[in-house]
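Visitor: I would enjoy a close look at one part of this protein, with the strand pairing and the charged contacts taken together. Could you walk me through it slowly?

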Amino acid sequence: MATRRRVLKAVGASGTFLIGSGAAAADGTARTTGRSQPNGSATALDDRIDVFVIGGQSNAKGLGDASKSPAPPSGTAYEFENDTGNIVELDDPVGVGQYGAATGSAWPAFAEKYFDRTGQKAAYIPTAVGRSAQVAAVRDGSPDSQNHWDAGGARRGDTVNMTERAMDALRNEGFQPRLRGMLWSQGESDANAIDSGTISIEDYKRAFSEMLGYFRNNIQDHFPIWIFQTGKPSTGDTSGFRKIRSAQADFPTTEQDVQMVSTVQKNFPDKGWIAPHRVSTQELGVLSHVYHYSQRGYNVMGETGAENLEESSTLTIEENDGSWTTYGFSVSGKVTPRKNVSGVDEISADGTRATGGVVSGYDSYTITGGITSLSLSSDATLYLNGTQVDVEKYLPDVLTVRNHGSWTTYEFAASGGVAPRAGLGSADEVHADTGRATGGVGNGSDSYYIAGELTDVSVEGTADVYRNGELLDVGGERTLRIVETGDSWTTYGFSVSGSISPRNNIGGADEISADGQRATGGVIDGSDGYTITGEITSLSLSGDATVYLDGEALNVEEYLPDVLTVEGSGSWSTYEFAASGGVAPRTGLGGADEVDADAGRATGGVVSGDDSYLISGKLTTINVDGNATVYRNGQRVQ
């Protein structure tokens, strides 16, 4: 048996006590003099702690050998002592009185592995009692007729009471407890009763389901049960034991918040891991070497359960409008079918993704881990653990395809999934199995919920694509027109991140560069039109002209946001400058001042007063001959 550690402080006590280590008796009488309790000061703790209730019958208590049970590292595992109300460090024998192991159990091994795997300390509330049955009828007529988990029995009410007291005790010690659910090992009593004809397997399923409901109503709504499957008797398997194991394997698909974490117990007889001796405990008349595990078995059982334990939830996709809806979702853990999952529904080979379809009903899955992607082809309602959740929780971004011209087709994929939002018609479709959308839009917009990285975005036409209102460069075709209506020759130059091709009225004075990314030209009393892709990266104009993008007039100041001012000194000064993002006239210019839109350059002269230009980008050239001063956004640059 492991060495006991020091007691630091009793819950509610005013002083601190240091007591030497010693061995605790199997009946728990020496436990308060040899086991350590946490320091009551929250500043001495990392205050978060996971809490597990231990429920079931004798194999949940433990009838092993504490001398062969591991000792979790100090400060990583605690237990609640029901008789004293203390929080003490976990060590075998776990539990006191009727809840106490005699002498070794699975829980030190579980606690050691759980901390090693998660880095999270945990507290354990022993509530398992030997010979306790699931069904009340198993104990009818016996001296311990209340020793069952069915309605009217002592076990479920005692568990609720001890859980409440333990959570309060943990808070009093400065912890912030999170109740993870119940570690459950039970079924031997009911298996024997099924073999004798006292109960049926349906009685067992009913009682288990009702117990879950009782705990949800009296402890917390989301109360997971982590099942350690019932093993086999060393004398040979029976129909009753097989039926119990089969029902336990089905519970994760029929009951909410139930997960199987260990099935290795059924192999213990073949491995020689059944206790080789009788144990004198309250389980009178029960042969330890038939049903109870050796300490090696308990250690393996605990380690296996801690390795496999993950938070499980129930995800339900419901469709009530009579419209076929397909779906696809992925999780960071595993997906298993729960209800109504049929031939059209499929879980991937690695168990992390499910795809399917539903109409006028629902499909339900048990999942572990978080939802990492979600796609829906149409309007459906999602429930997580019975609570409705908005699609936007998993698909928080909005992608909009907006068009003001001829018919445009598009497609895109989002790594985190996609679902319809607004404006979609018969030409628009979400492929939920792949997280892809395809569609078309004329005048108007199509809108989707998305998450994650956008991939394979393509637009055939003039539509713009926005994510959360921000225009994306997706390579789609757009129309750019330079319009001059004042009978004054205006030259222009512009560059794009994509490509430029002529659209209308492009003549001999207009030219597109060899790489297809820059156009220069001139226009008077009319317009020049281009088809472009990508973003406008520079823009220069020599005079007053209006630029339209997909039919909407551009605010030139959005592309040329800075103001360059040449301030005269009273004597004639000449100047020139070039800006990498382009240049256009603003105010004060005269006959000596000119914008070379082809080169993004301006030249001019000033005596007194100011010449002012709109510019963008880096000033690549700036020369002044005279005493003029040059400012950019009010800051002197020359």
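Guide: What follows starts at one strand and its charged contacts, and then moves along the chain to another sheet and a surface patch.

Please keep in mind as we go that this is a predicted model.

Let us begin with strand β1, which covers residues 48-56. Eight of its nine residues are buried, so the strand is mostly covered, with buried meaning under 20% relative accessible area. Strand β1 pairs with strand β5, residues 176-185, and the two run parallel, joined by nine bridges. Within that pairing, Ile 49 is found opposite Pro 177 of β5. Strand β1 also pairs with strand β4, residues 122-126, again in the parallel sense, through five bridges. Here Val 51 faces Ala 123 of β4. As background, strands of a sheet pair through backbone hydrogen bonds, either parallel or antiparallel.

Now for the charges on these strands. Asp 50 makes a salt bridge with Arg 178, and their closest N and O atoms are 3.2 Å apart. This contact links distant parts of the chain, since Asp 50 belongs to strand β1 and Arg 178 to strand β5, 128 residues apart. How covered is each partner? Asp 50 has a relative accessibility of 5%, so it counts as buried, the cut-off being under 20%. Arg 178, in contrast, has a relative accessible area of 44% and is therefore partly exposed. In general terms, side chains of opposite charge can pair when their charged atoms come close.

The next stop is helix α3, where Arg 155 and Asp 158 sit three residues apart, which means about one helical turn separates them. Their side chains meet in a salt bridge, at 3.0 Å from N to O. Arg 155 counts as buried because its relative accessibility is 5%, while Asp 158 is partly exposed, with a relative accessible area of 29%. Returning to the strands for a moment, Asp 50, Arg 178 and Arg 180 are joined into one network by salt bridges that share partners.

A further contact belongs to the loop between β4 and α3. There, Arg 131 forms a salt bridge with Asp 144, and the closest N and O atoms are 3.0 Å apart. Both residues lie in the loop between β4 and α3 (154-172), and they are 13 residues apart. Arg 131 counts as partly exposed because its relative accessibility is 23%. Asp 144 is also partly exposed, at 21% relative accessibility. For the wider count, a search of the whole structure finds 19 salt bridges.

Let us move to a sheet further along the chain. It is an open sheet of five strands in the order β26-β29-β24-β31-β32, with antiparallel pairing. The edges are held by β26 (500-504) and β32 (552-553); each has a single partner strand, so one side of each lacks a neighbour in the sheet. Inside that order, strand β24 (residues 477-484) and strand β29 (residues 526-533) pair in the antiparallel sense over eight bridges. Glu 484 stands across from Gly 526 of β29 in this pairing.

Strand β29 also holds Thr 531. That residue counts as buried because its relative accessibility is 13%. Thr 531 and Gly 461 are 70 residues apart along the chain, and their C-alpha atoms are separated by 9.8 Å.

Another pair to look at involves Gln 517, which lies in the loop between β27 and β28 (518-523). With 30% relative accessibility, Gln 517 counts as partly exposed. Gln 517 and Ser 497 are 20 residues apart in sequence, with 6.7 Å between their C-alpha atoms in space.

Our last stop is a patch on the surface. Glu 511, Glu 594, Asp 596 and Asp 598 together form a negative surface patch. Of these, Glu 511 is placed in strand β27, residues 511-512. Glu 511 has a relative accessible area of 54%, so it counts as exposed, the cut-off for that being over 50%.

Definitions and conventions:
Residues numbered from 1 in each chain as written. Predicted model: local features only at pLDDT ≥ 70, side-chain atom pairs only at ≥ 80, totals over all residues. Heavy atoms only, no water. Buried < 20%, exposed > 50% of the residue type's maximum accessible area, 1.4 Å probe, protein only. Helix = DSSP H or I, 4+ residues; strand = E, 2+ residues; numbered from the N terminus. Pairing = 2+ DSSP bridges. Patch = residues over 30% accessible without salt bridge, like charges linked within 9 Å, V, L, I, M, F, W, Y side chains within 5 Å. Areas by Shrake-Rupley, 256 points an atom, 1.4 Å probe, with all protein chains shown as cover. Salt bridge = Lys/Arg side-chain N within 4 Å of Asp/Glu carboxyl O. Lys, Arg positive; Asp, Glu negative; His and termini not counted. Charge placed at Lys NZ, Arg CZ, Asp CG, Glu CD.
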